[in-house]
Amino acid sequence: MDFNMKKLASDAGIFFTRAVQFTEEKFGQAEKTELDAHFESLLARADSTKNWTEKILRQTEVLLQPNPSARVEEFLYEKLDRKVPSRVTNGELLAQYMAEAASELGPTTPYGKTLIKVAEAEKHLGAAERDFIHTASINFLTPLRNFLEGDWKTISKERRLLQNRRLDLDASKARLKKAKAAEAKATTVPDFQETRPRNYILSASASATLEDTCRPPSWAEWKEDYPGGWRRPCFFLVPLNPSLTLARGCLSLPKDRKLWNDEVDKAEQELRVAQTEFDRQAEVTRLLLEGISSTHVNHLRCLHEFIESQTTYYAQCYRHMLDLQKQLGSSQGAIFPGTFVGTAEPASPPLSSTSPTTTAATMPMGPSVADLAPPGEAALRLEEVAPPASGTRKARVLYDYEAADSSELALLADELITVYSLPGMDPDWLIGERGNKKGKVPVTYLELLS
């Protein structure tokens, strides 16, 4: 293992410097480089996008899979990079139980026949739910996860680097400020004036250092070090570096001032390097944060796809339940003659403010459908039905409707038709007329006009 002690020591020193700078900023003892207002707004928008994306993702997962144990299982399979096993939906499981119950209780009995029909409908509902979950996971959940696990991690990494560059920049500014202050102090002090108190005692380490360096300089050495015309001092002083000079209690000599000048130059150079690195990292982070706008556009497209898949799913459910209701209505009429199947409320809530059952009950009544013909000839004899003498009403079609058989009237959205009710009809249906065409129409697709 290649273990570089110099690099380790350097990294540790940088980390310690950043920690000191960060702590002093928190306590208000150091200056902090502030980002511009536009950059701060980009950071706030990125944080909001991340937080709300996480919430939307978690709640969508709950919507698609309410069982928390199943969600945990899917999460583990995803982390292990393994295919999630196929799971039976609740509708399909219910269909299986109903089919088994019909087989055991008697498939030829009225109850068994109804169980078989409902089981078939529930099976279709379960398949539609499976398709919806699969489509929503691919078109909506996957892009959200990719953003959180890909783009956002990259943004977070660059933001951490920017924070480190800012700490380095502020530490360089503080170092330069201290160096200039020390240089100014050394420049204003008069030469060869003893400032140490007479009773000042050096520490053991400082005394040892001075003993090692205390060698009387020759006149040639003084002249070489100080070519500016200095005369030989009348008493003994040794030129020391700034730390030793301060430790001894003496004032800085010209050689010490040169050291402080070098320290200022070094601090200025470090500041220029830190400023360049900070500006470069700030530009990289800014470009990534501005890319959040593209993320919003992508999420908007995924949201539209999610709504389309959800609309398709609910439309399929409505169609399957409508077919089941028709089947149960025909079988109910065969089992209990003279009765008509209908619920107190429609299968789908109407968009108009008028209740379908109320409007159907208050519609003008014509001759009964049961008196017209047998079920097989209802479509033929329905054309001969005349509007009731009490009058008809106009209705606007809300959605397109495809006729299931010849007894129904196909509808187009926003068209106006004439409607009326017949005695004994299912309250969810009316007789509609458009030109010379006539047939049954569902109330939930209509808005009755006054």
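A residue counts as partly exposed when its relative accessible area falls between the buried limit, under 20%, and the exposed limit, over 50%. By that yardstick E270, at 27% relative accessibility, is partly exposed. The model looked at here is a predicted one, and the focus is on its salt bridges. A search of the whole structure turns up 14 of them.

To start with E270, this residue pairs up with R175 in a salt bridge, with 2.8 Å between the closest N and O atoms. E270 sits in helix 9 and R175 in helix 5 (residues 110–188), so the bridge ties together parts that are 95 residues apart in sequence. R175 is partly exposed too, with a relative accessibility of 32%.

Helix 9 comes up again with R286, whose side chain meets that of D36 in a salt bridge (3.2 Å, N to O). Here R286 belongs to helix 9 (residues 254–290), while D36 is found in the loop between helix 1 (5–26) and helix 2 (37–64), so this pair ties together parts that are 250 residues apart in sequence. D36 has 37% relative accessibility and so counts as partly exposed.

Then there are the strands. R434 and E415 join their side chains in a salt bridge, at 2.9 Å from N to O. The two are 19 residues apart, with R434 in strand 3 (residues 429–434) and E415 in the loop between strand 1 (393–397) and strand 2 (416–420). R434, at 25% relative accessibility, is partly exposed, whereas E415 comes in at 15% and so counts as buried. Finally, salt bridges also link R396, D414 and E447 into a network.

Conventions:
Residues numbered from 1 in each chain as written. Predicted model: local features only at pLDDT ≥ 70, side-chain atom pairs only at ≥ 80, totals over all residues. Heavy atoms only, no water. Salt bridge = Lys/Arg side-chain N within 4 Å of Asp/Glu carboxyl O. Helix = DSSP H or I, 4+ residues; strand = E, 2+ residues; numbered from the N terminus. Buried < 20%, exposed > 50% of the residue type's maximum accessible area, 1.4 Å probe, protein only.
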